[in-house]
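Me: I would like a close look at a single part of this model, namely the protein surface that meets the DNA. Please take it step by step and tie it to the parts of the fold that border it.

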Amino acid sequence: MFSKAKTIHAIEVMGEMFPNAKCELTHKNPFELLIAVMLSAQATDISVNKVTPHLFEKYPTPEAFLAVPVEAIMDDIKTIGLFRNKARHIQGCCRKLIDEFNGEVPKTRKELTSLPGVGIKTANVVLGDAFGVPAIAVDTHVERVTKRLGICRLKDSVGEVEATLMKKLPESMWVEAHHRLIFFGRYHCTARSPKCDICPLLEECREGKQRMGI
DNA sequence: AACTCGGGGCA
DNA sequence: TGCCCAGAGTT
């Protein structure tokens, strides 16, 4: 297992590899980010960005999403997978934003995850990127990368991965660490063919040394 | 913990 | 063609 210092160092190396690591979902306000992250479930951010400009021009507010039948929203996001669930969740989410949160995106994890279609991952991204609240969102990339390196144990649950990262990183690094881990996983330490041969973290990577026979 | 939803992108 | 994608809800 990585020590705190070793974990921080790994995140810093990732920052050197990806100095521009940040949320790639285009958005202008917390509401747009919330909807965009909901859409990104099991879809690439690139495909989400292809529909959101038109989507937010057509539906700039929760009220606008509720003014049309759910089929209309499905049609607007049909190039993204799981669009039936997502369209339904968007309207359910907008309904609750209006009824219980005065039409605004709430700023606590508990309130966010009470929204239909919003889980811990989406909540943490909104907290971190829209409101600047320290949070680490564990997705498939974060889970894979931290387990490969040895920052977390292979058997750790998503919650345990999150807890470990929160324990081994200062709060001030949580949000940027999240983005760096994702960029590292998305563009370098990919699921199928990690670039161990050119990886600056190879010497301290549990799985990488195995793969390279070191 | 396992299963399901789902069309597009890419090899 | 076959496999994967910055997940969440249900059982």
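Reply: A polar contact here is a pair of N or O atoms within 3.5 Å. With that cut-off in hand, and with the reminder that this is a predicted model, the surface near DNA strand C can be read from T122, where a polar side-chain atom lies 2.3 Å from a phosphate oxygen of the strand. The elements that contribute two or more residues to the surface near DNA strand C are α8, α9 (140-149) and α11, and it is α11 that gives the largest share, four residues.

The bases of DNA strand C are approached by backbone atoms of the protein as well. A backbone N or O atom of K22 lies 2.9 Å from a base nitrogen of DNA strand C, and a polar backbone atom of E24 is 3.2 Å from a base nitrogen of that strand. Taken as a whole, the surroundings of DNA strand C comprise 27 residues, of which K22, G117, T122, H141 and I182 come nearest. Of the strand atoms within 4 Å of the protein, 58% belong to sugar or phosphate, while the rest belong to bases. By class, the residues near DNA strand C divide into nine nonpolar, eleven polar and seven charged.

Helix α11, which spans residues 174-187, also holds H179, and this residue connects the helix to other parts of the protein. With a relative accessibility of 8%, H179 counts as buried, because the limit for that class is under 20%. The side chain of H179 is joined to that of D129 by a polar contact of 2.8 Å. Leaving aside residues up to four places away in sequence, H179 touches A21, K22, C23 and D129; K22 in that list is also the residue with a backbone atom 2.9 Å from a base nitrogen of DNA strand C. Elsewhere, ring pairs link F18, F183 and Y187 into a cluster, and the count of aromatic pairs comes to five.

The second strand is bordered by a shorter list of residues, which can be given in full. Around DNA strand B lie Q42, K50, K78, T79, G81, L82, F83, R84 and N85. Sugar and phosphate make up 55% of the atoms of DNA strand B that come within 4 Å of the protein. Helix α6 (residues 83-100) provides the largest share of this surface, three residues, and by class the surface has two nonpolar, four polar and three charged residues.

Three of the approaches to DNA strand B involve protein backbone, and each concerns another part of the nucleotide. A polar backbone atom of G81 is 3.3 Å from a base nitrogen, a polar backbone atom of L82 is 3.2 Å from a sugar or linking oxygen, and a backbone N or O atom of N85 lies 3.4 Å from a phosphate oxygen of the strand. L82 deserves a further word: it sits in the loop between α5 (70-76) and α6, and it has a positive phi of about 60° although it is not a glycine. At 46% relative accessibility, L82 counts as partly exposed.

Q42, also listed around DNA strand B, is placed in the loop between α2 and α3. Its relative accessibility of 71% means that Q42 counts as exposed. The C-alpha atom of Q42 is separated by 10.0 Å from that of T140, although the two residues are 98 residues apart along the chain.

The helix that precedes this loop has another setting. Nine of the ten residues of helix α2 (residues 30-39) are buried, so the helix is largely enclosed by the rest of the structure. The buried residues are F31, E32, L33, L34, I35, A36, V37, M38 and L39. What covers them includes α3 (45-58), α4 (62-66), α6 and α8 (120-131), and in this list α6 is the helix with the largest share of the surface near DNA strand B, while α8 is one of the elements that give two or more residues to the surface near DNA strand C. At the start of α2, a side-chain oxygen of N29 reaches to within 3.2 Å of the backbone nitrogen of F31.

Methods:
Residues numbered from 1 in each chain as written. Chains lettered and ligands numbered in written order. Predicted model: local features only at pLDDT ≥ 70, side-chain atom pairs only at ≥ 80, totals over all residues. Heavy atoms only, no water. Near = heavy atom within 4 Å. Polar contact = N/O pair within 3.5 Å; in protein donor to acceptor, adjacent residues only side chain to side chain. Nonpolar A, V, L, I, M, F, W, Y, C, P; charged D, E, K, R; others polar. Phe/Tyr/Trp six-rings, centres within 6.5 Å; stacked < 30°, edge-to-face > 60°. Buried < 20%, exposed > 50% of the residue type's maximum accessible area, 1.4 Å probe, protein only. Contact = heavy atoms within 4.5 Å.
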